[in-house]
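Subject: A structure for you to look through

Hi there,

Here is the structure I promised to pass on. Please open it next to this email and follow along as you read.

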Amino acid sequence: AGSAARPSGRSFSNAEISWALPDTSHVSHEDLTSQVGEVLLYYCYCEVRDPEKLCAWQKALCQHLHLTGKVRVASEGINGTVGGSKVATGLYIKVMLSQPLFKNILCQEDFKSSAGGAHCFPDLRVGVFKEIVPMGIDPKIVSYKETGIHLSPQEFHREVEQYLSQATQGQSDTILLDCRNFYESKIGHFQGCLAPDIRKFSYFPSYIDENLELFKDKRVLMYCTGGIRCERGSAYLRSKAVCREVYQLKGGIHKYLEEFPDGFYRGKLFVFDDRYAICSNEDIVSACRYCGVLWDQYKLCSSQHCRQLVLTCPSCCNKGLTACCSVCQEKELKVTSRASGQTLKEECECTRRRARVPIEHGLPRMLDRGK
């Protein structure tokens, strides 16, 4: 970690936005729209003077290349996950790297890829927001410019190895912190991590506030899916001035698994598209909510009023146990369609029983997750 640095001078730009679209006249329609492709995940923090203009160009670019997915644009940068054919995603990366706004900021390795395609998303959604990752705090108050120290996958691997070695002897001064939501860490996580039982990243600041004593004088190793949540999350933790130092995994779990598929991360990696998860090892670290058998493939709750994810194995599915809780299981019989006036909700009654911001009472729970 001694060779790592905080990239304080890397993420600044005020260049004009180019409206250029790639020439696709030499590409067949079949190659451009092939179902066999990939999903790209990336972000770029930079100063954007005209977010609406960048949004309009991004939408035109994705439509031109037949890409689907989600792209968030803000005055602080861009965050996207898009799917399409390999020809299309290749052209997308090339154009993004040539965009003057991202010059000397965005690079090839900033794009994380996995097998997939346009079919992984129901549509294309491009919009302007206040934050490119929804933490719920004004970027002017907690800025990406005050992020933690970035560690490469190799450096992070060595740090986790040392942490686990010391933790087994009860001598560690380090916390391995998962910045993701509970349903993400539930199906995959680093051994020995502290995984907050939160449902949204916007709850993360409150989690830090409620557990400041836990982080006092600690070295914190943070990680998330692709690195973006750590940018703002580490900045928030650093603003509290309680930790000795805050480090974060550059490129997130995505980049770590590319180099260490059988490393210290066990289980699947949750992704926010119709695949729900991708895997690099055969470990299953979660269980069916009904019978307890090892299972890690999410489905949407079968009750149409609910949008929660549920882990239910084939055997339980065959028994009709397909909802996230007993309340939803009963409502499924009563609610037959959205046309009845019932609108989709993000939360189910069962989530109300969860502590929105859990308070940790010590470190033992962290070590239990790694056994």
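A good place to begin is Ser234, which lies in helix α8 (residues 228-239). Helices here are DSSP runs of H or I with at least four residues, strands are runs of E with at least two, and both are numbered from the N terminus. Before going on, please note that this is a predicted model, in which local features need pLDDT of at least 70 and side-chain atom pairs count only at pLDDT 80 or more, while totals for chains, interfaces and linings use all residues. Residues are numbered from 1 along each chain as its sequence is written, and side-chain values use heavy atoms, leaving out hydrogens and water.

Is Ser234 buried or exposed? Ser234 is buried, because its relative accessible area is 0% (buried means under 20%, exposed over 50%, and partly exposed in between, with a 1.4 Å probe and protein chains only). Its side chain makes a polar contact with the side chain of Gln248, at 2.7 Å. A polar contact is a pair of N or O atoms within 3.5 Å; within protein, one must be able to donate a hydrogen and the other to accept it, and residues adjacent in sequence count only if both atoms are side-chain atoms. Leaving aside residues up to four places away in sequence, Ser234 touches Thr147, Gly148, Met222, Val246 and Gln248 (contact means heavy atoms within 4.5 Å).

Now for the sheets. One is an open sheet of 5 strands with mixed pairing, in the order β4-β1-β3-β2-β5; two strands pair if DSSP finds at least two bridges between them. Why do β4 (112-116) and β5 (124-128) each have one side without a neighbour in the sheet? They stand at the edges, each with a single partner strand, so one side is left free of a neighbour. Strand β1 (residues 37-45) pairs with β4 in the antiparallel sense over 5 bridges, and Val39 stands opposite Ser114 in β4. Helix α8 packs on this sheet, touching β1 and β3 (77-85), and its direction makes about 25° with that of β1 (axes are lines fitted to C-alpha atoms, for helices over the stretch in contact, and angles run from 0 to 180 degrees between N-to-C directions).

Another open sheet has 4 strands in the order β6-β10-β9-β7, with parallel pairing. Its edge strands are β6 (149-151) and β7, each pairing on one side only. The twist averages 25° from one strand to the next. Helix α4 (residues 153-167) packs on the sheet, where α4 touches β6, β7, β9 and β10. Our helix α8 packs here too, touching β6, β9 and β10, with its direction at about 175° to that of β10.

Strand β7 (residues 174-178) is mostly covered, with 5 of its 5 residues buried. β7 and strand β9 (residues 219-223) run parallel, paired over 5 bridges, and Leu177 has Met222 as its bridge partner in β9.

Finally, the cysteines. How many disulfides does a search of the whole structure find? The search finds 0, where a disulfide is a pair of cysteine sulfur atoms within 2.5 Å. Cys46 has its closest cysteine sulfur in Cys44, 4.3 Å away, which is too far for a bond. For Cys317, the closest is in Cys313 at 6.9 Å, also too far.

Enjoy exploring!
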